[in-house]
Amino acid sequence: MSLLTSPNSNSDYPMHERLTVKEKFAYGLGDTASNIVFQTVMMFLTFFYTDIFGLSAAAVGTMFLLVRILDAVTDPLMGAIADRTQTRWGKFRPYLAALAIPYALISILTFTTPDFSESGKLVYAYITYALLMIMYTAINIPYCALGAVITSNPKERLSVQSYRFVLASAGGLMVSALTLHLVDLLGGGDKARGYQLAVATMSVLGIAMFFICFAYTRERVTPVNDKPQPLATSVKGLFSNEQWLLLSGMTLLIVIGVMTRAAVALYYIKYVLEAEHLSTVFVTLGMLGMLIGSGLAPAITNRVCKIKVYSFCSFSIAVLCIFFYIFGHTSIALAFGLHLVIGLLQQLTTPILWAMLSDTIDYGEWKTGVRTTGLSFSATMFALKLGMAIAGALTGWLLFSYGYVGGQEQSDRAVEGIMVLFTVVPAITATMGAIIIRYYKLNDQTTEFVQKQLVEGKPFVGLNTA
């Protein structure tokens with residue numbers, strides 16, 4: 001059973017407690033810091049590996065998939081470690097301060113191009129990319145779990161996640177707007193050197209943001225029985241939580257679509273629209289749409305059920321992607337407009353999804369008697385990174401199968417492959433996500449019922465009572 005120990009509570013029930021704007025903003029800066037690397041990987045790493053680093057698309061796709069095998073071990077391990085951490089600063093916050101600098105250093109090494117042979121470069125890419133994903137796991141799982149213990153108020157949870165993803169989108173906007181300019185400015189014509197210095201510059205900013213997040217947030221939601229549970233008990237409790245299983249499966253699907261689309265955005269603007277000079281404008285416009293979408297989430301869900309909002313946005317993304325496939329090559333203005341709207345809809349759903357994941361932890365604790373905050377988010381992060389890996393592999397393999405060769409003029413078939421990856425794949429995953437969300441039951445009223453049952457120590461009676 002969870003209790004809230006915040007002095008800001010204005011009710012007998014913790015779901016009525018409010019957070020300050022300063023704390024929400026500080027929490028959001030943590031994802032700005034994380035997104036400086038995450039969005040750089042999404043937008044530029046595939047292109048960097050194929051067109052700057054000199055690896056084949058097939059080799060890159062295989063690497064993205066194989067490295068994900070590590071996550072099957074590192075993700076649940078990090079979640080279990082975080083759940084069992086006991087410090088004066090809480091379970092999750094200390095990792096933000098401790099790992100900020102190592103995370104930045106590994107990010108720089110990943111975008112460094114050593115003067116090795118082709119096989120040596122591939123080995124270097126495997127090692128640095130694997131270390132980057134391990135470090136991302138180690139700092140991001142505690143960060144995500146922190147969002148579930150700042151507050152148990154469903155509206156405040158959504159507000160916190162909205163701040164998070166507005167600021168995450170701002171980080172992505174910074175990456176999209178500045179990266180290529182920094183590459184040219186700092187590289188002086190040497191793109192390999194430019195990418196390294198651009199990532200180094202942004203990583204320094206990320207370190208400062210992680211420290212701000214650590215300093216100005218607090219952990220409030222804690223189990224009454226904080227005695228560490230055996231890992232097997234925690235895992236059993238997690239997989240008995242059907243609402244968490246549903247959202248994690250949906251996360252996997254959605255990430256495949258979003259990541260595939262992001263990975264080929266530069267290919268689309270260069271080879272389909274033949275407007276490489278507008279690359280920065282194109283990716284920045286998508287990030288601007290995402291920033292707007294994050295900000296709209298609380299206002300819309302205050303008036304409309306968040307489950308209905310998520311379903312509507314997902315179906316809309318699917319329809320727009322198919323429209324993009326048919327007409328997106330005919331007009332630069334149309335392509336840019338569609339890219340903006342799709343980015344807005346994608347990111348409008350993201351705070352909703354992460355707020356719902358926090359709600360599933362309360363539900364799982366009520367149902368099983370075991371609170372698995374760190375383990376839940378680590379397993380969700382594994383699903384997210386598995387989706388990233390599948391998207392990376394799918395991108396590399398399909399580009400290769402359609403005859404793409406980096407740095408050369410592309411055949412009509414290769415251009416068609418880029419269009420399929422940029423539009424059809426995300427349309428399919430968005431449709432599947434819209435269908436799955438219809439089976440999710442934890443709306444605001446049900447979540448409040450679950451939390452009252454926890455506070456009052458009442459046994460699990462099923463969701464039909466909510």
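Which helix holds the place of alanine 168? Keep that one in mind while you open the structure, a predicted model, and work through the exercises below.

**Exercise 1. Place alanine 168, and decide whether it is buried or exposed.**

Step 1: Find the helix. Alanine 168 sits in helix H6, which covers residues 154–187.

Step 2: Check the accessibility. The relative value for alanine 168 is 1%. The cut-off for buried is under 20%, so alanine 168 counts as buried.

Step 3: Pick a partner far along the chain. Phenylalanine 323 is 155 residues away from alanine 168 in sequence, and their C-alpha atoms are 28 Å apart.

**Exercise 2. Stay in H6 and work out what the side chain of serine 162 reaches.**

Step 1: Locate the residue. Serine 162 is also part of H6.

Step 2: Look at its surroundings. With a relative accessible area of 4%, serine 162 is buried.

Step 3: Follow the side chain. The side chain of serine 162 comes to 2.6 Å from the backbone oxygen of serine 294.

**Exercise 3. Describe how H12 and H13 pack.**

Step 1: Get the two elements on screen. H12 runs over residues 306–327 and H13 over residues 332–368.

Step 2: Read off the geometry. The helices pack at about 150°, and 9 Å separates their axes.

Step 3: Turn the angle into a description. Angles over 145 degrees count as roughly antiparallel, so that is the label for H12 and H13.

Step 4: Add the handedness. H12 makes a left-handed crossing past H13.

Step 5: Sort the contact residues. In the contact of H12 with H13 there are 19 nonpolar, 4 polar and 2 charged residues.

**Exercise 4. Now do the packing of H14 and H15.**

Step 1: Find the pair. H14 takes up residues 373–401, and H15 takes up residues 412–436.

Step 2: Read the numbers. The packing angle is about 150° and the axes lie 8 Å apart.

Step 3: Name the arrangement. H14 and H15 are therefore roughly antiparallel.

Step 4: Check the crossing. H14 goes past H15 in a right-handed crossing.

**Exercise 5. Which side chains does the side chain of arginine 371 contact?**

Step 1: Place the residue. Arginine 371 is in the loop that joins H13 and H14.

Step 2: Judge its exposure. A relative accessible area of 11% makes arginine 371 buried.

Step 3: List the polar contacts. The arginine 371 side chain pairs with the side chain of glutamate 365 at 2.7 Å. There is also a polar contact with the side chain of threonine 373, at 3.3 Å.

**Exercise 6. Work out how much of H10 is buried, then see what comes after H10.**

Step 1: Count. H10 spans residues 265–272, and 7 of its 8 residues are buried.

Step 2: Put names to the count. The buried residues of H10 are Ala265, Leu266, Tyr267, Tyr268, Ile269, Tyr271 and Val272.

Step 3: Move just past the end. Glutamate 274 follows H10 with a positive phi of about 55°. That is a positive value in a residue other than glycine.

Step 4: Place glutamate 274. It lies in the loop between H10 and helix H11 (279–301).

Step 5: Check its exposure. The relative accessibility of glutamate 274 is 66%, so glutamate 274 counts as exposed.

**Exercise 7. Take H16 apart from one end to the other.**

Step 1: Start with the dimensions. H16 covers residues 444–455, which makes 12 residues. From the first C-alpha to the last, H16 reaches 16 Å, close to the 16 Å expected at 1.5 Å a residue.

Step 2: Look at the N-terminal end. Asparagine 443 is the cap here: one of its side-chain oxygens is 3.3 Å from the backbone nitrogen of glutamine 445.

Step 3: Pick out buried residues along the helix. Among them are Asp444, Phe449, Val450 and Leu454.

Step 4: Go past the far end. Glycine 457 follows H16 and has a positive phi, near 70°.

**Exercise 8. Finish with methionine 42 and glutamate 242: which is buried and which is partly exposed?**

Step 1: Take methionine 42, in helix H1 (residues 21–53). Its relative accessible area is 6%, so methionine 42 is buried.

Step 2: Relate methionine 42 to leucine 173. The two are 131 residues apart along the chain, with 13 Å between their C-alpha atoms.

Step 3: Switch to glutamate 242, in helix H9 (residues 242–263). At a relative accessible area of 31%, glutamate 242 is partly exposed.

Step 4: Relate glutamate 242 to phenylalanine 323. They are 81 residues apart in sequence, and the C-alpha to C-alpha distance is 35 Å.

Definitions and conventions: Residues are numbered from 1 along each chain as its sequence is written. This is a predicted model: local features need pLDDT of at least 70, side-chain atom pairs count only at pLDDT 80 or more; totals for chains, interfaces and linings use all residues. Side-chain values use heavy atoms; hydrogens and water are left out. Helices (H or I, at least four residues) and strands (E, at least two) are DSSP runs, numbered from the N terminus. The expected span of a helix is 1.5 Å times one less than its number of residues. Buried means under 20% relative accessible area, exposed over 50%, partly exposed in between (1.4 Å probe, protein chains only). A polar contact is a pair of N or O atoms within 3.5 Å; within protein, one must be able to donate a hydrogen and the other to accept it, and residues adjacent in sequence count only if both atoms are side-chain atoms. Axes are lines fitted to C-alpha atoms, for helices over the stretch in contact, and angles run from 0 to 180 degrees between N-to-C directions. Angles under 35 degrees count as roughly parallel, over 145 as roughly antiparallel, 65 to 115 as roughly perpendicular and the rest as oblique. A crossing is left-handed if the near helix is turned anticlockwise from the far one by less than a right angle, and right-handed if clockwise. Ala, Val, Leu, Ile, Met, Phe, Trp, Tyr, Cys and Pro count as nonpolar, Asp, Glu, Lys and Arg as charged, and the others, Gly among them, as polar.
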